[in-house]
Amino acid sequence: MANSMDGQNSVLSVVGPLADSVSTLQLVVKSILSREPWLHDPLVHEIPWRGDRAAIPQQDEPLSFAVLCHDGSVTPHPPVQRAINTVVHALEKQGHKVIEWHPPDHSRGYDMILKAWTYDNGADIRSALALSGEPMIPQLASLNAQDPKPPEDATHIAANNVAKREYQKEYMEYWNSTAELTGTGRPVDVVIAPVAPFSSPRRERYRYYGYSAIVNLLDYTACTLPVTTADRNVDVADAVSFKPVSDLDRQIAGDYDAEIYDGSHVGVQLIGRRLQEEKVLAVTEYVAGVL
């Protein structure tokens, strides 16, 4: 499959299938795995579909969730905040415990992501755009130098990879520590988080990728779930109490317009640990059922 930044292995991209039901997603994954792709792709783990991991605990053994309302860098728009609260309240009503998620600083991880994306200082992007003469869109231009510059050397790339591994380890241990808070004796099963700070990006205003890209950095499993639609009469920005944590936070908050966003679809993502696709899909199906 064609991809950008081929050979940049610090933060791998993924291709996530889209479907109108979780059962369809499960069928897609099962079908792909039935072809034993690990015999033809050296990057694929030899892990067939594990049906036993697709079963969620029964009603007398509740799940434990965590909720990330704010990643410390960018405040979600009002419709996204409401979607998060809707999911949390629905799960609590079913008897599941939801704790607050206070992981290692996401801004540190995001810095590593941006470094990985710009190892070549935009050479790959410029070569692709040169085929048609298409100009670089502002979102990419802000990350990549317009004039060719030398790429990062092996020392800097290695240092970023070491920092990423240490960050993954720190995040792993934090997740383990939540066993003391969940009441189930297990660490958190799934984290509820925004997919992005907005319900849908306005043209040339997709300024922040941290909520989704952090999952790629950690090599975790995630599934998005539609929850609601933006409502201009309900999702009103509170300009009085809003305190931006950065200029970027202020910019993104300023992009919100209740009239423009009215009716746009709003979802959340459910994040599981590494190689937990069966579990995450099962929990997503359950959450969809209680909404």
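Trainee: Which residue stands opposite His265 in strand 5?

Mentor: This is a predicted model, and in it the residue standing opposite His265 of strand 5 is Thr229.

Trainee: And how many bridges join strand 4 to strand 5, and do they run parallel or antiparallel?

Mentor: Strand 4, which covers residues 221–229, is joined to strand 5 by eight bridges, and the two strands run antiparallel.

Trainee: What about strand 3, in which sense does it pair with strand 5?

Mentor: Strand 3, residues 190–194, pairs with strand 5 in the antiparallel sense over four bridges, and within that pairing you can find Ile192 standing opposite Leu270 of strand 5.

Trainee: Why is strand 5 described as largely enclosed by the rest of the structure?

Mentor: Strand 5 spans residues 265–272, and six of its eight residues are buried, which is why it counts as largely enclosed by the rest of the structure.

Trainee: Moving on to helix 8, how many of its residues are buried?

Mentor: Helix 8 runs over residues 210–218 and is mostly covered, with seven of its nine residues buried; those seven are Gly210, Tyr211, Ala213, Ile214, Val215, Leu217 and Leu218.

Trainee: What do those buried residues of helix 8 pack against?

Mentor: They pack against two other helices, namely helix 3 (106–117) and helix 6 (154–177), and also against strand 3, strand 4 and strand 5, so the strands we began with come up again here as packing partners of the buried residues of helix 8.

Trainee: What follows helix 8?

Mentor: Asp219 follows helix 8, and its phi is positive, near 60°.

Trainee: Different topic: which elements make the β-α-β unit?

Mentor: Strand 1, helix 2 (residues 78–93) and strand 2 make that unit, and it is right-handed. Its two strands, strand 1 at residues 64–67 and strand 2 at residues 97–100, run parallel and are joined by four bridges, with Ala66 having Ile99 in strand 2 as its bridge partner.

Trainee: And how does helix 2 sit relative to helix 11?

Mentor: The axes of helix 2 and helix 11 (residues 277–290) come within 9 Å and cross at roughly 90°, which means that helix 2 is roughly perpendicular to helix 11.

Trainee: Which residues make the contact?

Mentor: From helix 2 the contact is made by Val87, Ala90 and Leu91, while helix 11 brings Tyr286, Val287 and Val290.

Trainee: How do those residues divide into nonpolar, polar and charged?

Mentor: The contact of helix 2 with helix 11 has six nonpolar residues, no polar ones and no charged ones.

Methods
Residues numbered from 1 in each chain as written. Predicted model: local features only at pLDDT ≥ 70, side-chain atom pairs only at ≥ 80, totals over all residues. Heavy atoms only, no water. Pairing = 2+ DSSP bridges. Right-handed = clockwise from strand over helix to strand, strands pointing away. Axes fitted to C-alpha atoms, helices over the stretch in contact; angles between N-to-C directions. Parallel < 35°, antiparallel > 145°, perpendicular 65-115°, else oblique. Contact = heavy atoms within 4.5 Å. Nonpolar A, V, L, I, M, F, W, Y, C, P; charged D, E, K, R; others polar. Buried < 20%, exposed > 50% of the residue type's maximum accessible area, 1.4 Å probe, protein only.
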